[in-house]
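Hi,

Here is the structure I promised to pass on. Have a look at it first, and then read on for what turned up.

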Amino acid sequence: MRCRYVFFDVADTLLVKPDLIDTLVRIFADCGEEADPALVRRNHKTLSECTPFPVRTSPEFYDRFNRELLFSLGIIPTAELLSAVYERLRRLRWRAAGDVSALDSLTVPIGVISNFDGTLPELLRTLVPIPFAKIVSSHQAGTAKPSPELFRIALDGLDCSAGEVAYVGDSLKLDIVPAESAGMTAVLIDRHDLFSNYRGPKVTTLFEVPKLITLMK
């Protein structure tokens, strides 16, 4: 069945915080702790996969998350270190992923399905100047990934079946499994080869998506 529509995740798919891992490593070094950037990246991703993220995060949420990250790296999470991590990471801003221009090559309508707050439409207009036919956020829909309901809401009103819709995201738990449960063809974007055991459709850059979509015809 040919692909007639493509939805994308936002965080770490279309938008990224490129200095996140390097900033963490520098914070650790400033506090006298050494950490391998590759391990920090892997553990951060693993923890993100295992942690239920609320629609609206809070300092308390990030304190718990960063505490678990530090423990996973063999670093005792002191109050000083936790404060430094929170204060410096909160200054990081979203940026368009370096490969987001690949969306210009798609010849089918594109949309977004994301766990995000009410700032999402304006953020996308500012950072990704590409017209999205549909933007569905957890804030707007009142339900969040990994519930397949958010994906079903996105499918509502489309002039095609779920089987003709592809979805690209970076999380097995939040993106791939619920998208497939809703009947879509799910494509994992794994820029850092963190999911080497995954055998489903996978790309390492958004530039691979147009060709993959063509092969789905």
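In which loop does Asp193 lie? Asp193 sits in the loop between β7 (185-189) and β8 (202-203). Before going further, keep in mind that this is a predicted model, and everything below is computed from it.

**Backbone oddities**

Asp193 has a positive phi of about 50 degrees although it is not a glycine. At 46% relative accessibility, Asp193 counts as partly exposed. Asp12 also has a positive phi without being a glycine, in its case about 70 degrees. You will find Asp12 in the loop between β1 and β2 (15-16), and with a relative accessibility of 40% Asp12 is partly exposed too.

There is also a cis peptide bond, joining Lys145 and Pro146, with omega at about 15 degrees. Pro146 belongs to the loop between α6 and α7. And just after α7, Gly157 takes a positive phi of about 90 degrees.

**The pocket**

This is probably the part you'll open first. The largest pocket has a volume of about 1,800 Å³, and its lining is made up of 49 residues. Nearest its centre are Ala11, Asp12, Lys17, Tyr62 and Trp94, so Asp12, with that positive phi of about 70 degrees, comes up again here. Sorted by class, the lining has 22 nonpolar, 11 polar and 16 charged residues.

Which helices supply at least two residues each of that lining? They are α1 (20-30), α2 (37-50), α3 (59-72), α4 (79-89) and α8 (172-181). The largest share comes from α2, with five residues.

**Two residues in those helices**

His44 lies in helix α2. Is His44 buried or exposed? At 16% relative accessibility, His44 counts as buried. Leaving aside its neighbours within four places in sequence, His44 is in contact with Leu20, Leu24, Phe65 and Leu69.

Thr23 is part of helix α1 and is buried as well, with a relative accessible area of 5%. If you skip the neighbours within four places in sequence, the contacts of Thr23 are Arg88, Leu89 and Leu92. Thr23 and Leu92 are 69 residues apart in sequence, yet their C-alpha atoms are 9.1 Å apart in space.

**Helix α7**

Next, the helix that ends ahead of Gly157. In α7 (residues 148-155), the buried residues are Leu150, Phe151, Ala154 and Leu155. These four lie on the same side of α7, because they cover an arc of only 145 degrees around the axis. What do the buried residues of α7 pack against? Their partners are the strands β1 (5-8), β4 (110-114), β5 (134-137) and β6 (165-169), along with the helices α6 (138-141) and α8. You met α8 above as one of the helices that supply at least two residues of the pocket lining.

**Cysteines**

How many disulfides does the count come to? It comes to zero. Why is there no bond between Cys3 and Cys160? The sulfur of Cys3 is 8.2 Å from the closest cysteine sulfur, which is in Cys160, and that is too far for a bond; the cut-off for a disulfide is a pair of sulfur atoms within 2.5 Å. Seen from the other end, the closest cysteine sulfur to that of Cys160 is the one in Cys3, again at 8.2 Å. Cys3 counts as buried at 3% relative accessibility, and Cys160 counts as buried at 18%.

**Towards the end of the chain**

Last stop: Leu212, in helix α9 (residues 209-215). Leu212 is partly exposed, with a relative accessible area of 23%. Its contacts, leaving aside neighbours within four places in sequence, are Val187, Pro201 and Val203. For a distance to check in your viewer, take Leu212 and Ala179: they are 33 residues apart in sequence and 17 Å apart in space, C-alpha to C-alpha.

That's the lot from me. Shout if anything reads oddly.

Cheers

Terms used:
Residues numbered from 1 in each chain as written. Predicted model: local features only at pLDDT ≥ 70, side-chain atom pairs only at ≥ 80, totals over all residues. Heavy atoms only, no water. 1 Å grid on protein atoms, 1.4 Å probe; cavity = no way out; pocket = protein on both sides within 12 Å on 5 of 7 lines; lining within 4 Å. Points joined across faces, edges and corners; volume = space filled by probe spheres on them. Nonpolar A, V, L, I, M, F, W, Y, C, P; charged D, E, K, R; others polar. Buried < 20%, exposed > 50% of the residue type's maximum accessible area, 1.4 Å probe, protein only. Arc of directions from axis to C-beta. Contact = heavy atoms within 4.5 Å.
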